[in-house]
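Please look at the model below before reading on. The text that comes after it is meant to be read with the coordinates open.

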Amino acid sequence: LMSPLDERISTLTDTVNTLLKGAQGSSTKGEIGEQIVIGHLSSAYTGTKGDQFRSKGDEDHSMDIEATMMIETSPGVTEPIPALIEAKLYETTVGQQEVDKFWEDLEGNHHKFGLFVSLNNSIANQPQCITLEVRNGKYGILVYNESQNQMRHLVAYAMMREIARLTLMGK
């Protein structure tokens, strides 16, 4: 059942590794990371849940991706909930300054939910691979993968969707 998806992920991983070897600048790697996250999330959530993902990395004081989570509030009734996603594709541990910027950007937007994804390295001061934090009523999930073939960001996104649903329901 999962074989076609596994094959696409494996092919994508090989492509990314090839591209990374040739990518010189951090902005190029950033764009690649952004496209990887959009591709993974779109494959998992656009067709099944109706969620949408839009690149916005070129906008000031913003994150890389804007998501619209289609949250079911009652049978057959959905409500669009916006979220922001930051994608990192670093060769070393993602620094604390990037995490601080994530929170600053989340605070500076009307979005209540944010996801910080490191695709292939750990995040400074994050002992767990998935961390949930709430600051001033904003929900942030930080997640890292240790290699390209891990998909923890899909789990973290599912967590964010459930938190949004529970928030909508007043729980």
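The paragraphs below take up the sheet, then the salt bridges, then a cavity.

This is a predicted model, in which local features need pLDDT of at least 70 and side-chain atom pairs count only at pLDDT 80 or more, while totals for chains, interfaces and linings use all residues. Residues are numbered from 1 along each chain as its sequence is written, and side-chain values use heavy atoms, with hydrogens and water left out.

Begin with the sheet. Helices (H or I, at least four residues) and strands (E, at least two) are DSSP runs, numbered from the N terminus, and two strands pair if DSSP finds at least two bridges between them. Six strands make up an open sheet with mixed pairing, and their order is β1-β2-β3-β4-β6-β5. The edge positions belong to β1 and β5 (130–135), each of which has a single partner strand, so one side of each lacks a neighbour in the sheet. From one strand to the next the twist averages 25 degrees; for such angles, axes are lines fitted to C-alpha atoms, for helices over the stretch in contact, and the angles run from 0 to 180 degrees between N-to-C directions.

Strand β6 (residues 138–144) pairs with both β5 and β4. With β5, β6 runs antiparallel, and six bridges join the two strands. Along this pairing, I130 has V143 in β6 as its bridge partner, V134 is matched with Y139 in β6, and R135 stands opposite K138 in β6. The two strands form a hairpin with two residues between them, and N136 in the turn has a positive phi of about 50 degrees. With β4, β6 pairs in the parallel sense, again over six bridges; here F113 has Y139 in β6 as its bridge partner. Y139 is therefore a bridge partner of V134 and of F113.

How much of β6 is buried? The term buried means under 20% relative accessible area, exposed means over 50%, and partly exposed lies in between (1.4 Å probe, protein chains only). Six of the seven residues of β6 are buried, so the strand is largely enclosed by the rest of the structure.

The loop between β4 (113–118) and β5 contains A124. A124 is buried, at a relative accessible area of 18%. The C-alpha atom of A124 is separated by 5.4 Å from that of Q96, although the two residues are 28 apart along the chain.

Next come the charged side chains. Side chains of opposite charge can pair when their charged atoms come close. A salt bridge is here a side-chain nitrogen of Lys or Arg within 4 Å of a carboxyl oxygen of Asp or Glu. Searching the whole structure gives seven salt bridges. One of them joins R161 to D51, with the closest N and O atoms 2.8 Å apart. This pair links distant parts of the chain, since R161 is in helix α4 (residues 152–168) and D51 is in the loop between α2 (26–49) and β1 (52–55), 110 residues apart. R161 and D51 are both buried.

A salt bridge within helix α4 is that of R165 with E162, whose closest N and O atoms are 2.6 Å apart. The two residues are three apart in α4, about one turn of the helix. R165 counts as partly exposed because its relative accessibility is 29%, and E162 counts as partly exposed at 34%.

K88 and E86 also form a salt bridge, at 2.8 Å from N to O, and both are buried. These two residues and E98 are linked in a network of salt bridges.

Where does this network reappear? E86, K88 and E98 are among the residues that line the second largest cavity, together with M63, K101, F102, D105 and F116. On a 1 Å grid over the protein atoms alone, a cavity is a set of points where a 1.4 Å probe fits but cannot get out, and lining residues have an atom within 4 Å of a point. Grid points are joined across faces, edges and corners, and a volume is the space filled by probe spheres set on the points. By this rule there are two cavities of 30 Å³ or more, and the second largest has a volume of about 40 Å³. The elements that give two or more residues to the lining of this second largest cavity are β3 (77–88) and α3 (96–107), and α3 gives the most, with four residues. The lining divides into three nonpolar, no polar and five charged residues, where Ala, Val, Leu, Ile, Met, Phe, Trp, Tyr, Cys and Pro count as nonpolar, Asp, Glu, Lys and Arg as charged, and the others, Gly among them, as polar.

Technical notes:
On a 1 Å grid over the protein atoms alone, a cavity is a set of points where a 1.4 Å probe fits but cannot get out, and a pocket is an open set with protein on both sides within 12 Å along at least five of seven lines; lining residues have an atom within 4 Å of a point.
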